[in-house]
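Work through the exercises below with the model open. Try each task before reading its solution.

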Amino acid sequence: MRSDRQFGLKSQVARVLRRGRVSEVGQAAVELAVCLPVMLALAVISVDLLVYLGDCARFDRVSAQEVAVVATAPAGGSYSPEGSAASVKAAIAEGMGQPERLSYQVSVSQGMRTGEKDEGFSLISLAPQLTTYTCTMESSPWPLSHGLFGVEVSGLTHRRSYVVDPYRPGIVA
């Protein structure tokens, strides 16, 4: 009788162990369901970062070229800082191809070089001074404009400054 009990216990243990093996069949599907959203999020973020880096490289090249060309001889003859900034901004937008995810700003400031002191009125102060063009590109992430899994994603900003000498057109100081 004892052997029947032991045999019965062994068969019950064997059945429980078999059930455990059967439940492992769907483990790969569960792991895929858990890992797939994370892998997709990483892939989207990686692609968006690479696109942003490419846009930054193109913006650096285009903004330097347009500041050197347009800033010293603006289109339409508008030599005011606001007119020059608008001309440079339009030229940058045209050179970049105007993708929807990018926006541009250009600010102009005129002043002395860094480290120089203004010592009052002199004939030198009547001469035009160096002009600094600060070009800014703001990028909003393309597929992530509405967020990622409920997390707000802000855009990235890339800024370049160029100093132009009004006495030497086309040369960035």
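The exercises run from the overall fold to the core, the salt bridges, the cysteines and the surface.

This is a predicted model, where local features need pLDDT of at least 70, side-chain atom pairs count only at pLDDT 80 or more, and totals for chains, interfaces and linings use all residues. Residues are numbered from 1 along each chain as its sequence is written, and side-chain values use heavy atoms, with hydrogens and water left out.

**Exercise 1. Fold**

Task: Determine how many helices and strands the protein chain has, and the pattern they follow.

Solution. Start with the DSSP runs: helices are H or I of at least four residues, strands are E of at least two, and both are numbered from the N terminus. The protein chain has four helices and three strands. Along the sequence they read α-α-α-β-α-β-β. Next, take contacts (heavy atoms within 4.5 Å). Among those between residues at least 6 apart in sequence, 65% join residues at least 24 apart.

**Exercise 2. Core**

Task: Find which residues of the largest nonpolar core touch the most other members, and which elements contribute.

Solution. Set the burial classes: buried is under 20% relative accessible area, exposed is over 50%, and partly exposed is in between (1.4 Å probe, protein chains only). Buried residues make up 24% of the 173 residues in the protein chain. A nonpolar core joins buried Ala, Val, Leu, Ile, Met, Phe, Trp, Tyr and Cys residues through side-chain atoms within 4.5 Å. The largest such core holds 20 residues, and Val88, Ile92, Met96, Tyr104, Cys135 and Met137 touch the most other members. Two or more residues come from each of α2 (27-70), α3 (81-96), β1 (102-110), β2 (131-139) and β3 (156-164). Now look at Cys135. Leaving aside neighbours within four places in sequence, its contacts include Phe59, Val67, Val88, Ile92, Val106 and Tyr162.

**Exercise 3. Salt bridges**

Task: Locate the salt bridges and say which parts they tie together.

Solution. Apply the rule: a side-chain nitrogen of Lys or Arg within 4 Å of a carboxyl oxygen of Asp or Glu. The whole structure gives three.

- Arg58 pairs with Asp55, with the closest N and O atoms 2.8 Å apart. Both lie in helix α2, three residues apart, about one turn of the helix. Arg58 is partly exposed at 27%, whereas Asp55 is buried at 3%.
- Asp55 also meets Arg101 (2.8 Å, N to O). Asp55 is in helix α2 and Arg101 in the loop between α3 and β1, so this pair ties together parts 46 residues apart in sequence.
- Arg160 meets Asp60 (3.9 Å, N to O). Arg160 is in strand β3 and Asp60 in helix α2, so the parts tied together are 100 residues apart in sequence.

Shared partners join Asp55, Arg58 and Arg101 into one network.

**Exercise 4. Cysteines**

Task: Count the disulfides, then classify Cys35 and Cys56 as buried, partly exposed or exposed.

Solution. Look for pairs of cysteine sulfur atoms within 2.5 Å. The count is zero disulfides. Cys35 is partly exposed, with a relative accessible area of 40%. Cys56 is buried, at 8%.

**Exercise 5. Surface**

Task: Identify which residues make the nonpolar surface patch of about 380 Å².

Solution. Accessible areas come from the Shrake-Rupley method with a 1.4 Å probe; for residues, only the protein chains shown count as cover. Patch residues have over 30% relative accessible area and no salt bridge; nonpolar side chains (Val, Leu, Ile, Met, Phe, Trp, Tyr) are joined within 5 Å, like charges within 9 Å. Leu32, Leu36, Met39 and Leu40 make this patch. Leu40 sits in helix α2. The accessible surface of the protein chain comes to about 12,300 Å², with 60% belonging to carbon and sulfur atoms.
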